[in-house]
Amino acid sequence: MAAPRGALVEAVDALPPAVNPLALSLNEFPYPPLPAVKAALSAAVDAANRYPEFLPERLRSLIAGRVGVDERQVIIGVGATGVIMQVLHAVTSPGDTMVMSAPTFDGYPIFAQMARLRSVTVDLDVYGHHNLHAMADAARDARVVVVCRPHNPTGTIEPAEDIERFLESIPEDTVVLLDEAYAEFLGPANRIDGPRLVERFRNVVVVRTFSKAYGLAGLRIGYGFCAPQLARQLWTMQLPFGIGLPALVAVAASYDAEGQLRQRIRMISAERRFLQMRLRSMGVYSTDGQANFVYLPATGVPWHDVFDDAGLKVRHYADGGVRVTVGTRESTREVLRATRLALR
């Protein structure tokens, strides 16, 4: 009879590998945390016997200083998903309407169901962009409307002036979630001035995360910021002791190592452009994605079989489209190899 395996051994075995070139479905950063972040997290272990702050005031202040808003405008969540649920719990009642694009981030239909909201979806245009005019029409009687920039799953962005015109057409009592989970991958010319936006539009909540560009998905750290009056309402939904000490030290260390972080982001952005270029050289169309993934619309190629048969884990959509996370060059080679074989 084999000796029983210890709980620690089994737990370690269950951990995902730091780099898996075939795991391309969750838009994870392919590299482990920066050395300074790992050192900070290691040091934080000695405080694991202590509770974190009752409410995450220090993390709130740290993020506010970096973003450029008053700390009273910031809310903290267990990932961006936690922030979104705080917003929905604070501003909606069962039966209210939530408007979103189709397709969109998988979480939004789930969040709407959890909050017992009625989901109204608006199809993207043929190029993978939001149909902002149709969304504005649908939002006239809505309590919440969602815009992702860059969009998930297509990676496309609407110009800042189009977003502002859209916001001008939204009723003041309708809350707009501007989901910027992938904003760090945008160049300066394509970014929106979030602090100025929430100053002008007091019904907008900008939502961001440390899961994507910062590579801290396992720590579940997200935040949002908005006008002070709305932020006071959202802060009432802040879960006591809900944000652990590792979140604080990891964010602080990430901010201190911003130069190294930007270099990693540039590497992923360059890899995305390389993958897009090589796919297009094979005649494979992808949307003009600006994040850490590429989206291949349904074009008659059976993408589900193409990538599944190659052992690649990618995100499939009901219409036949597929979203592929940009990873290492090894990942890129596997994606291109599977595509090339399918097109023979």
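## Exercises on strands, buried residues and empty space

Histidine 316 stands opposite valine 322 in strand E11. That pair is our way into this model, which is predicted. Have the structure open as you work through the exercises.

### Exercise 1: From one pair to a sheet

Task: Work out which strands are joined by the pair histidine 316 and valine 322, and which sheet they belong to.

Solution:

Step 1. Place the residues. Strand E10 covers residues 313-316 and strand E11 covers residues 322-325; the two run antiparallel and are joined by 2 bridges.

Step 2. Widen the view. E10 and E11 belong to an open sheet of 4 strands with the order E1-E10-E11-E9, and its pairing is mixed.

Step 3. Find the edges. Strand E1 (23-24) and strand E9 (293-296) each pair on one side only, which makes them the edge strands.

### Exercise 2: The surroundings of tryptophan 303

Task: Is tryptophan 303 buried or exposed? Then find what it touches.

Solution:

Step 1. Locate the residue: tryptophan 303 is in helix H12, residues 303-309.

Step 2. Compare its relative accessible area, 2%, with the cut-off for buried, which is under 20%. Tryptophan 303 is therefore buried.

Step 3. List the contacts. Leaving out residues up to four places away in sequence, tryptophan 303 touches Val284, Leu296, Pro297, His316, Gly320, Val322 and Thr339. His316 and Val322 are the pair from Exercise 1.

Step 4. Look for a polar partner. The tryptophan 303 side chain reaches the backbone oxygen of proline 297 at 3.4 Å.

Step 5. Check a distance. Valine 314 is 11 residues from tryptophan 303 along the chain, and their C-alpha atoms are separated by 9.6 Å.

### Exercise 3: Strand E8 and its two partners

Task: Which way do the residues of strand E8 point, and which strands pair with E8?

Solution:

Step 1. Recall the general pattern: in a regular strand, side chains alternate between the two faces of the sheet.

Step 2. Apply it to E8 (residues 222-225). Gly222 and Gly224 point one way, Tyr223 and Phe225 point the other way, and all are buried.

Step 3. Take one partner. Strand E2 (residues 74-77) runs antiparallel to E8 and is joined to it by 4 bridges. Within this pairing, phenylalanine 225 is the bridge partner of valine 74.

Step 4. Take the other partner. Strand E7 (residues 204-209) also pairs with E8 in the antiparallel sense, over 4 bridges. Here threonine 209 stands opposite glycine 222.

### Exercise 4: Methionine 100

Task: Find the strand that holds methionine 100, and decide whether the residue is buried or exposed.

Solution:

Step 1. Methionine 100 is in strand E3, residues 97-102.

Step 2. Its relative accessible area is 1%, so methionine 100 is buried.

Step 3. Set aside neighbours within four places in sequence. Methionine 100 is then in contact with Tyr108, Pro109, Ala112, Ser119, Val120, Thr121, Val122, Met135 and Val146.

Step 4. For a long-range check, try leucine 275: it is 175 residues from methionine 100 in sequence and 29 Å from it in space, C-alpha to C-alpha.

### Exercise 5: Open and enclosed space

Task: Describe the two largest pockets and the cavities, and say which residues line them.

Solution:

Step 1. Begin with the largest pocket, about 790 Å³. It has 30 lining residues, and Pro16, Pro17, Ala18, Glu28 and Phe29 are the closest to its centre. The lining divides into 19 nonpolar, 9 polar and 2 charged residues.

Step 2. Turn to the second largest pocket, about 650 Å³. Ala183, Glu184, Leu186, Arg191 and Glu258 are the closest to its centre among 26 lining residues. By class there are 12 nonpolar, 4 polar and 10 charged. Helix H11 (258-281) gives the most to this lining, with 8 residues.

Step 3. Go inside. There are 2 cavities of 30 Å³ or more. The largest cavity holds about 90 Å³, and its lining includes Pro52, Glu53 and Ile243. Helix H3 (57-67) and helix H10 (245-256) each supply at least two of its lining residues.

Step 4. Finish with the second largest cavity, about 50 Å³. Phe29, Tyr31 and Arg264 are among its lining residues, which divide into 9 nonpolar, 2 polar and 1 charged. Phe29 is thus listed for this cavity and for the largest pocket.

Definitions and conventions
Residues are numbered from 1 along each chain as its sequence is written. This is a predicted model: local features need pLDDT of at least 70, side-chain atom pairs count only at pLDDT 80 or more; totals for chains, interfaces and linings use all residues. Side-chain values use heavy atoms; hydrogens and water are left out. On a 1 Å grid over the protein atoms alone, a cavity is a set of points where a 1.4 Å probe fits but cannot get out, and a pocket is an open set with protein on both sides within 12 Å along at least five of seven lines; lining residues have an atom within 4 Å of a point. Grid points are joined across faces, edges and corners, and a volume is the space filled by probe spheres set on the points. Ala, Val, Leu, Ile, Met, Phe, Trp, Tyr, Cys and Pro count as nonpolar, Asp, Glu, Lys and Arg as charged, and the others, Gly among them, as polar. Two strands pair if DSSP finds at least two bridges between them. Buried means under 20% relative accessible area, exposed over 50%, partly exposed in between (1.4 Å probe, protein chains only). Contact means heavy atoms within 4.5 Å. A polar contact is a pair of N or O atoms within 3.5 Å; within protein, one must be able to donate a hydrogen and the other to accept it, and residues adjacent in sequence count only if both atoms are side-chain atoms.
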